[in-house]
Amino acid sequence: MRFIPLIVARPEVQMAIDEAIMRARIGGKVPDTVRLYAFSPSSVTIGRFQSVVHDVNLEEAKKLGIPIVRRITGGGSVFHDEYGEITYSVVIGENYHPALKNVEESYRYLAGPLVDALKELGLDAGFSGLNDIVANGKKISGSAQTRRRGVILQHGTFMYATRVEILGRVLRVSKEKLKDKGVSSIWERVTTLEREGIKLSRWEAYELLKESFSNAFDLEEGELTDYELELAEKLVEEKYGNPKWNEMR
């Protein structure tokens, strides 16, 4: 599998790159691919079918200079802190492993390296529900997925030092959702490595994840092709950088 080293960029660029890799993989132009990246500035991504107004505090996001971009994957709204979160992305053919045919199994198979990394740090980590990872009982990572023509795109968060107070300001988390999880506030539900007593820099978190994904998959470092870069540029212009896409629904 190809591994793309850390890219730090705006949210519309990151989402465009993920889709460009998926399209290139569907077309047989590139191999299965893993990449790790970070958002700058801090950003919010929302699920393919979400309502921006319902799920994001637009006033707070504007005040804090936090852009909002819609993903092509499902799932909920996510705060990506440029000072405390790394995102992983896997684009892979469904035939790579039998687990990928089943949605729940595929989430766990592809996000497994995150759990391994957390255990390596001595945390009690595992999966919760369909697509969450918990450390010491609190959510530290969430993933989202889409499938097209036998190819999966799955991406998700790894919160090593996310500022949970800002997350709480920009995301609207319903009382019903918190109640379903048996907690009364976002502070009880979410954690980070830092909150669990483990301080890592971005680079240390990146190296930890890179090693964990390398242990799980046979990775070979590579780079984005001209085709992917040109397609990503086009997708930024026509889709992810376009209010029509981001503000729909």
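Salt bridges and sheet pairing

Me: In this predicted model, the side chains of E60 and K63 meet in a salt bridge, with 3.3 Å from N to O. What makes this contact a salt bridge?

Reply: The N to O distance for E60 and K63 is 3.3 Å, and a salt bridge needs a side-chain nitrogen of Lys or Arg within 4 Å of a carboxyl oxygen of Asp or Glu, so the pair qualifies. Both residues lie in helix α3 (residues 58-63), where they are 3 residues apart, about one turn of the helix.

Me: Is E60 called buried or exposed, and why?

Reply: E60 has a relative accessibility of 15%, and because buried means under 20%, E60 is counted as buried.

Me: And how do you know whether K63, its partner, is buried or exposed?

Reply: For K63 the relative accessibility is 57%, and since exposed means over 50%, K63 is therefore classed as exposed.

Me: What makes E104 and R108 a salt bridge, and how are they placed along the chain?

Reply: The closest N and O atoms of E104 and R108 are 3.5 Å apart, which lies within the 4 Å cut-off, so the contact counts as a salt bridge. The two residues are 4 residues apart in helix α4 (residues 103-120), a separation of about one helical turn. As a general matter, side chains of opposite charge can pair when their charged atoms come close.

Me: Why are E104 and R108 called partly exposed?

Reply: E104 is at 41% relative accessibility and R108 has a relative accessible area of 31%; because partly exposed covers what is neither under 20% nor over 50%, both values lead to that label.

Me: How do you know that E221 and K210 form a salt bridge?

Reply: The side chains of E221 and K210 meet at 3.3 Å, N to O, and this is within 4 Å, so the definition is met. This pair links distant parts of the chain, with E221 in strand β11 and K210 in helix α8, 11 residues apart. E221 is exposed because its relative accessible area of 54% is over 50%, whereas K210, at 22%, is partly exposed because it falls between the 20% and 50% limits.

Me: How many salt bridges does the whole structure hold, and which residues are joined into one network by shared partners?

Reply: A search of the whole structure finds 16 salt bridges. Those that share partners join E19, R23, R148 and K239 into one network.

Me: What is the strand order of the open sheet, and why are β7 and β11 called its edge strands?

Reply: The open sheet has 8 strands in the order β7-β8-β9-β10-β6-β2-β1-β11, with mixed pairing. The edge strands are β7 (125-128) and β11 (220-221), each of which pairs on one side only.

Me: How do you know that β7 and β8 pair?

Reply: There are 4 bridges joining β7 to β8 (residues 132-135), and pairing requires at least two, so these strands, which run antiparallel, count as paired. Within this part of the sheet, S128 stands opposite D132 in β8.

Me: What makes β9 and β10 a pair as well?

Reply: β9 and β10 run antiparallel and are joined by 6 bridges, so the requirement of at least two is satisfied. S143 stands opposite G156 in β10. These strands form a hairpin with 2 residues between them, and R149 in the turn has a positive phi of about 45 degrees.

Definitions and conventions:
Residues are numbered from 1 along each chain as its sequence is written. This is a predicted model: local features need pLDDT of at least 70, side-chain atom pairs count only at pLDDT 80 or more; totals for chains, interfaces and linings use all residues. Side-chain values use heavy atoms; hydrogens and water are left out. Buried means under 20% relative accessible area, exposed over 50%, partly exposed in between (1.4 Å probe, protein chains only).
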